[in-house]
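Reader: I should like to learn how a helix is read in a structural model. May we look at one together?

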Amino acid sequence: MSSKMPWGPSEKGKIMTKRIMIQGTCSNAGKSLIAAGLCRIFRQDGYRVAPFKAQNMALNSYITADGLEMGRAQVMQAEAAGIAPDVRMNPILLKPTSDEGSQVIINGEVEGNYTARDFYREKPRFKADVKKAFDSLAEDYDIIVIEGAGSPAEINLKDDDLVNMGMAKMANAPVLLTGDIDRGGVFASLAGTMLLFTEEEKARVKGVIINKFRGDVDILKPGLDMLEDIIHVPVAGVVPYLHVDVDDEDSLTERFSARNTPGLIDIAVIRVPKISNFTDFNALEYMDGVTVRYVGAPGQLGDPDMIILPGTKSTMADLKWLRESGLEAEVLKFASRGKPVFGICGGYQMLGQSLSDPEGVEGGGSMRGMGLLPHSTVFAGEKTRTAEEGNLSDVTGIFAGLSGARYKGYEIHMGLSEASGNIINSENVYGTYIHGIFDSEEIASAVIRALYEAKGLDSSEVKAFDMDEYKEKQYDILADGLRKALDMELIYRIMEGSGNEN
């Protein structure tokens with residue numbers, strides 16, 4: 001047990017689970033990262049800690065060991081806490097299907113497709129699911145680190161709020177309010193957010209954090225003193241712009257806007273409009289000599305060594321976009337030259353002969369596929385959600401070395417494809433439903449070695465990459481950075497009275 005621990009680990013029924021909530025003045029203020037860092041710190045200090053976010057909106061999701069679906073942000077935070085992802089950490093997941101609607105997932109199971117209006121009408125019913133999940137999680141851990149969503153000062157959405165101040169009240173959790181100084185206007189955003197709080201909400205804010213700071217903190221200090229005088233809340237820390245690499249929560253990721261110069265091996269991922277689970281390709285990015293680029297127009301494609309068609313929330317709509325944008329023609333031309341194309345989940349479905357939707361899962365109708373693989377896909381109302389582990393089927397072509405390789409991943413899709421095996425190919429075109437397939441050192445290394453050899457390069461230069469070890473180092477770097485920047489003694493004092501009955 002760390003000497004820094006102000007209280008011992010809780011025993012069920014004896015010590016109330018402590019909790020702390022991270023809210024932000026806006027989206028992308030760094031809530032997920034700070035919550036993950038606190039999870040790591042508390043774990044290092046000897047506590048059993050778990051993350052929690054009542055409601056997440058993202059196209060990146062994850063399937064737990066028991067086949068339930070949750071947001072990847074809480075998976076990342078669970079990894080930082082050293083525990084297995086648990087759907088109780090994210091009881092509500094919204095996966096956008098259009099500008100006005102989302103698939104609603106409650107406790108890991110699909111509830112249905114809702115318009116925004118319908119979802120807000122049903123929020124009081126969902127509140128019971130959130131409370132049950134949180135209370136159950138709190139029974140098993142010493143500390144719960146709760147993350148809010150967006151801004152807590154959206155005054156038109158405060159009624160029936162269950163993810164920001166509504167959640168803080170439900171959990172009786174003190175709040176640390178985070179602002180992003182990198183965007184500018186951090187003092188105004190923090191003070192303005194406090195101004196829009198009710199007196200009860202203001203009382204829950206026990207500290208503020210200024211995040212993503214670049215420069216000399218001494219120059220900032222006069223502003224910190226003035227801010228504290230204005231909002232009557234202490235500054236709990238100024239966090240520098242931390243160069244840590246953990247899974248991104250959603251499409252705000254900077255990976256999409258990066259303009260990388262192609263490396264020895266250039267991999268192009270087609271950025272379809274409803275791209276999902278793009279964390280599938282992170283492991284490839286980390287390998288020496290490899291560049292992963294996200295391509296959204298024919299002019300951006302160039303002449304890569306491999307094209308990947310990623311997962312998507314709307315396969316048929318994104319295939320239509322691919323066709324109309326001219327990128328389908330480019331992919332077909334690329335494949336005709338014998339160069340490798342790899343489709344995952346929705347991308348795999350697109351590569352087949354046809355797609356049909358008799359039940360209207362994706363709006364109905366049917367359309368031809370790209371015709372590069374022999375299977376056809378029929379969409380059904382029931383979603384496939386399974387954690388998967390085993391050995392890959394036998395394949396041929398440039399990636400024949402993948403035959404029998406060990407993998408661990410998950411499947412999450414609506415359609416069923418007529419194909420045998422967990423990976424299929426026709427010449428140098430490959431497809432699979434397995435998300436996370438490249439996280440395997442063996443598989444990622446085999447793919448990159450094959451691409452090296454296809455270019456006449458020495459494949460012995462390819463080094464295996466241990467994704468798990470890399471993540472552990474990143475979480476430790478994050479925790480070290482936050483320990484230096486935050487007043488952890490203050491944060492522990494803030495949590496001291498948390499969790500008591502209202």
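Reader: Which residue caps the N-terminal end of H14?

Author: This is a predicted model, in which local features need pLDDT of at least 70 and side-chain atom pairs count only at pLDDT 80 or more, while totals for chains, interfaces and linings use all residues. Residues are numbered from 1 along each chain as its sequence is written, and side-chain values use heavy atoms, with hydrogens and water left out. Helices are DSSP runs of H or I with at least four residues, strands are runs of E with at least two, and both are numbered from the N terminus. The cap of H14 is Asp466, which has a side-chain oxygen 3.2 Å from the backbone nitrogen of Asp468; a polar contact is a pair of N or O atoms within 3.5 Å, and within protein one must be able to donate a hydrogen and the other to accept it, while residues adjacent in sequence count only if both atoms are side-chain atoms.

Reader: Why do the buried residues of H14 line one face of the helix?

Author: An α-helix has 3.6 residues a turn, so residues three or four places apart point the same way. In H14, the buried residues (under 20% relative accessible area, 1.4 Å probe, protein chains only) include Lys471, Gln474, Tyr475 and Leu478. Seen down the axis of H14, the buried residues fall within an arc of 165 degrees, so they line one face; the arc is that of the directions from the helix axis to the C-beta atoms.

Reader: Is Gln474 buried or exposed, and what does Gln474 touch?

Author: Gln474 counts as buried because its relative accessibility is 8%. With contact meaning heavy atoms within 4.5 Å, Gln474 touches His243, Val244, Asp245 and Val246, leaving aside residues up to four places away in sequence. A polar atom of the Gln474 side chain lies 2.8 Å from the backbone nitrogen of Asp245.

Note on methods. Buried < 20%, exposed > 50% of the residue type's maximum accessible area, 1.4 Å probe, protein only.
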